[in-house]
Amino acid sequence: MPTLKEIKGRIASVKNTLKITSAMKLVSSAKLRKAQTAIENMRPYEKQLQAILASAGNASCTKMADSVHDLPENAASCTKTADSVHGPRAIIAIASNSSLCGGFNANVIAKVRSVRSAGDVVYSIGRKMADAMRKDGFPSPEDFTALSERPAFAPAAALVEDLAKQLETGKIAQVLLVYNHFVSTARQVPVAEVLLSAAGEDSLSGAFARTGSRSDAEERESSPAESEAIIEPSREDLLKVLLPKTVKLKLYAALLDSAAAEHAARTVAMQTATDNAENLLAELTLQYNKGRQQKITSEILDLAGGQAENQ
């Protein structure tokens with residue numbers, strides 16, 4: 001049975017923890033709103049880019065960016081990796097720099113381990129992912145700690161260009177993207193998708209898609225709206241510029257998506273911790289009051305017994 005002094009010390013400790021979890025929940029909620037705003041601000045540009053690609057006759061490539069925001073409810077099984085890849089792969093794995101976010105990091109790390117194989121190179125974005133992969137024997141070629149904390153388009157585009165050049169030279173055969181997809185505040189799903197795949201073409205844009213345009217049969221079946229589009233200077237030149245932009249935008253969108261998922265997971269985790277702290281505080285307070293009342297009752301009984309003896 002703990003003493004009143006010990007219970008009082010635990011109450012003070014729980015109160016301090018409650019202040020910390022409440023503050024972290026408020027901070028994570030504010031960051032979540034900013035992350036959601038960033039994604040919403042990017043979506044009009046992304047949708048317009050997809051529409052242009054569809055008009056240019058590359059509807060198959062526009063589906064790559066759709067998966068970032070339009071995953072089905074069973075997204076846990078939505079793994080768009082190739083069935084057979086000959087050669088090493090590069091895996092871009094996105095996690096967070098800090099913990100206290102529930103199973104956010106553990107889930108995406110487990111996803112990377114499930115799709116990873118010997119010979120793959122893991123580009124870890126986030127300190128937690130880098131530490132886990134280094135322990136597994138897959139150290140990241142570069143440090144992307146800042147990119148996880150502050151997603152930016154320029155470094156994401158530079159990483160995509162570097163991996164595209166490695167595809168062209170044959171160093172890797174495929175690039176996978178693994179991250180937590182933000183479904184809702186209470187649900188984040190780890191997904192693995194193909195970002196780049198070897199196309200066997202000499203140009204840089206050839207690494208971004210297997211097909212640059214649709215076949216003649218597909219052209220005949222295209223809608224009137226697409227057939228009326230005027231493309232200058234040519235369909236191939238347009239795709240050569242837009243396809244790399246689409247893939248770079250997809251990686252940037254995944255970074256924003258992962259950031260929103262991280263803040264959502266931390267908000268839920270801190271809310272749960274706050275609720276548990278409040279319940280524990282109520283139990284300790286009740287226990288302290290019972291012990292204090294019992295002590296007072298014992299003292300009163302001692303005084304009454306002593307008075308009876310004196311009489």
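Here are four short exercises on the predicted model above, each with a worked solution.

Residues are numbered from 1 along each chain as its sequence is written, and side-chain values use heavy atoms, with hydrogens and water left out. Because the model is predicted, local features need pLDDT of at least 70 and side-chain atom pairs count only at pLDDT 80 or more, while totals for chains, interfaces and linings use all residues.

**Exercise 1. The overall layout**

Find how many helices and strands the protein has, and the order in which they run.

Solution. Start with the count: there are 9 helices and 5 strands. These are DSSP runs numbered from the N terminus, with helices being H or I of at least four residues and strands E of at least two. Next, read the order from the N terminus: α-α-β-β-α-β-α-α-α-β-β-α-α-α. Then turn to burial, where buried means under 20% relative accessible area, exposed over 50% and partly exposed in between (1.4 Å probe, protein chains only). Of the 311 residues, 43% are buried.

**Exercise 2. Following helix 1**

Compare the reach of helix 1 with its expected span, and locate its kink.

Solution. Helix 1 covers residues 4-55, 52 residues in total. The expected span is 1.5 Å times one less than the number of residues, which here comes to 76 Å. From first C-alpha to last, helix 1 reaches 75 Å, close to that value. Now look for the bend, defined as the angle between axes fitted to the seven residues ending at a residue and the seven starting there. A kink of about 30° sits at Arg 43, shortly before Pro 44. Ile 39 also belongs to helix 1, and it counts as buried because its relative accessibility is 4%. Its C-alpha is separated by 6.4 Å from that of Leu 256, although the two residues are 217 apart along the chain.

**Exercise 3. The nonpolar core**

Identify the largest nonpolar core and the element that gives the largest share of it.

Solution. A nonpolar core is a set of buried Ala, Val, Leu, Ile, Met, Phe, Trp, Tyr and Cys residues joined through side-chain atoms within 4.5 Å. The largest one holds 25 residues, and Ile 92, Ile 94, Leu 163, Val 175, Leu 177, Leu 195 and Leu 196 have the most contacts inside it. Elements giving two or more residues include strand 2 (89-94), strand 4 (174-184) and helix 9 (235-310). Helix 6 supplies the largest share, 6 residues. Among the buried residues of helix 6 are Leu 159, Val 160, Leu 163 and Leu 167. Just after helix 6, Gly 170 takes a positive phi of about 85°.

**Exercise 4. Empty space**

Work out which residues line the largest cavity and which lie nearest the centre of the largest pocket.

Solution. First, the terms: on a 1 Å grid over the protein atoms alone, a cavity is a set of points where a 1.4 Å probe fits but cannot get out, and a pocket is an open set with protein on both sides within 12 Å along at least five of seven lines; lining residues have an atom within 4 Å of a point. The largest cavity has a volume of about 30 Å³, volume being the space filled by probe spheres set on the points, which are joined across faces, edges and corners. Its lining is Ile 94, Ala 95, Leu 147, Ser 148, Leu 255, Ser 258, Ala 259 and Glu 262, and helix 9 gives the most, with 4 residues. The largest pocket, of about 450 Å³, is lined by 17 residues, with Lys 31, Glu 149, Glu 262, His 263 and Arg 266 nearest its centre. Helix 1 contributes the most to this pocket lining, 7 residues.
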